[in-house]
Amino acid sequence: MSETTNIPATTTVGIVGAGPAGLLLARLLHQAGVDCVVLEARDRAYVEQRQRAGVLEQSTVDVLRATGAAARLERESIVHDGIELSWNRRRHRIDFPELTGGSRVWVYAQTEVVKDLIALQLVDGAPLLFEAQATAVTGADTDRPVIHYTHEGVARTLSCDYVVGCDGYHGVTRNAIPADELTTYERVYPYSWFGILADVAPSNDELVYAHSPRGFALLSMRSHTVSRLYLQVPNGTDPHVWSDERIWDELDARFAVDGDWKLARGPITQRAVLPLRSSVTEPMRWGRIFLAGDAAHIVPPTGAKGLNLAAADVTVLARAFEQWQRTGASAGLDDYSRHCLERVWRAEQFSYFMTTTLHTAPEQNPFDTRLQISQLDRISASPYAAAELALNYVGTAL
Ligand code: APR
Ligand code: PHB
């Protein structure tokens, strides 16, 4: 059902998608006095429960604070000063403040960020329409692009000065740009992540990224009582054929380390398999159409960059729209794609590095594995190598 009833037929900025990118953009534009409307295909419950990542960089926390959307984050997030790498039955901690001059990260699930932004927007924000499926965006090369959408079985249109596609990798906005005007760079990985939520206290204070001959594993968390864990599986794995015991046994094998550390087990409450992909679509702006977040780029979750890249895109874009509305200058809008792609490619390279260093590919030979071990040994031995990882992870490498 729609959450706000009086949806106008025209607006300044039409936003397709109410994920983190669309919701944060709407918040920033509302604060800047730029009219916008958000159209979201799914219902509110679906959008709010979609399990995604859970690590926020300082800049993401800063923009959530600036938009007034961080009250619960301040109460419920867990601040982390490091992560641990695990390989050859050993652990090495990456100390973020020491290696980056004081930076850290916040563990706070994307589902919670989305809930906080929706709650805020419905009380004091731009119009937000759920179950409004955009079917096409036309007029990208005119000064009045139009979003065609259906809501409650009725075909409607939203005429805009600009349209921003925040509709993710499978969205429709990208199709509004002529295919020969876009270049998409892509890599599909030969493995997926099997993610679980478990009602058990995390067995480690900080995240553990584990390399093992059996495959990658990640220990993360959602709170002090809920664990979030992932293990590398072959593409196409059916999450429902694995017993809980098999999942825990496999995680035990991959986190194995000398000493008395033990992975606590508990009831698994959610499970899903997600494929890994790297993808960048250039440019991120054509005519009156902008792309932000997953609509423009996808990163494998190993570097915890997806949500933070989306937040960074819309922070740049909102500032550009504010400049345009206040002064008529389009310099920020014209520079948006170049500005964002520099950071996007840095995040793509870091996510690729973390993924290929820590995962054991199906056709991997012993030489490849020894290269991975050498890289991990280097990170533990060299503060410079460790600092490069830390700076990229906390988001200040650019
Ligand atoms: N019409 C309206 N809404 C649409 C359409 C459409 N045709 N197609 C997709 N959407 C909506 C989806 O239902 C979703 O709610 O667009 C939203 C896109 O949200 P995300 O996929 O979360 O993308 P984004 O906001 O860019 O956030 C990126 O989300 O997927 C994760 O790992 C990713 O953490 C990163 C973050
Ligand atoms: C998560 O908590 O879901 C998470 C954390 C770090 C990652 C990926 C996912 O790199």
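Which of the 24 residues around ligand 1 come nearest? Keep that question in mind while you take in the whole protein, remembering throughout that what you have open is a predicted model.

**The whole protein**

Begin by showing the protein as a cartoon, where the secondary structure comes to 11 helices and 19 strands. The radius of gyration is 21 Å, close to the 21 Å that the globule rule gives for 398 residues, so the protein is as compact as a globular protein of that length. If you turn the C-alpha trace along its principal axes, you will find that it spans about 65 × 40 × 40 Å.

Next, switch on a surface, which for this protein has an accessible area of about 16,400 Å², with 50% of it belonging to carbon and sulfur atoms. Beneath that surface, buried residues make up 54% of the 398 residues. If you consider the contacts in the protein with a separation of 6 or more, you will find that 72% of them are between residues 24 or more positions apart.

**Ligand 1**

Now select ligand 1 together with the residues around it, and the opening question can be answered: Glu40, Arg50, Arg52, Gln110 and Asp294 come nearest, out of 24 residues around the ligand. Zoom in on the side chain of Glu40, where an N or O atom is 2.7 Å from an oxygen atom of ligand 1, and then on the side chain of Arg52, which has an N or O atom 2.7 Å from an oxygen atom of the ligand. At Ala134 look at the backbone instead, for a backbone N or O atom there lies 2.9 Å from a nitrogen atom of ligand 1. Taken alone, ligand 1 exposes 710 Å², and the protein buries 89% of that.

To see which parts of the fold supply this shell, colour helix H1 (20-32), strand E9 (132-138) and helix H8 (306-327), each of which supplies at least two residues. Strand E9 gives the most to the shell around ligand 1, with 3 residues. If you then colour the shell by class, you should find 10 nonpolar, 8 polar and 6 charged residues.

**Ligand 2**

Move on to ligand 2, which has 15 residues around it, and of these Tyr209, Ser220, Arg222, Tyr230 and Pro301 come nearest. Select Ser220 first, since an N or O atom in its side chain is 2.6 Å from an oxygen atom of ligand 2, and continue to Arg222, where a polar side-chain atom lies 2.7 Å from an oxygen atom of the ligand. At Thr302 a backbone N or O atom lies 3.4 Å from an oxygen atom of ligand 2. How much of ligand 2 does the protein bury? Taken alone the ligand exposes 280 Å², of which the protein buries 99%.

Three strands can be highlighted here, namely E13 (207-210), E14 (217-221) and E15 (227-233), as the elements that give two or more residues to the shell around ligand 2. By class, the residues of this shell divide into 9 nonpolar, 3 polar and 3 charged.

**A last stop at Glu57**

Finally, select Glu57, which lies in the loop between strand E3 (55-56) and helix H3 (58-66). Is this residue buried or exposed? Its relative accessibility is 8%, and because buried means under 20%, Glu57 counts as buried. Display its side chain and you will see a polar contact of 2.5 Å with the side chain of Lys305. Leaving aside neighbours within four places in sequence, Glu57 is in contact with Lys305, Asn308, Tyr393, Val394 and Gly395.

Methods
Residues numbered from 1 in each chain as written. Chains lettered and ligands numbered in written order. Predicted model: local features only at pLDDT ≥ 70, side-chain atom pairs only at ≥ 80, totals over all residues. Heavy atoms only, no water. Helix = DSSP H or I, 4+ residues; strand = E, 2+ residues; numbered from the N terminus. Buried < 20%, exposed > 50% of the residue type's maximum accessible area, 1.4 Å probe, protein only. Polar contact = N/O pair within 3.5 Å; in protein donor to acceptor, adjacent residues only side chain to side chain. Contact = heavy atoms within 4.5 Å. Near = heavy atom within 4 Å. Areas by Shrake-Rupley, 256 points an atom, 1.4 Å probe, with all protein chains shown as cover. Nonpolar A, V, L, I, M, F, W, Y, C, P; charged D, E, K, R; others polar. Rg over C-alpha atoms; globule rule 2.2 N^0.38 Å.
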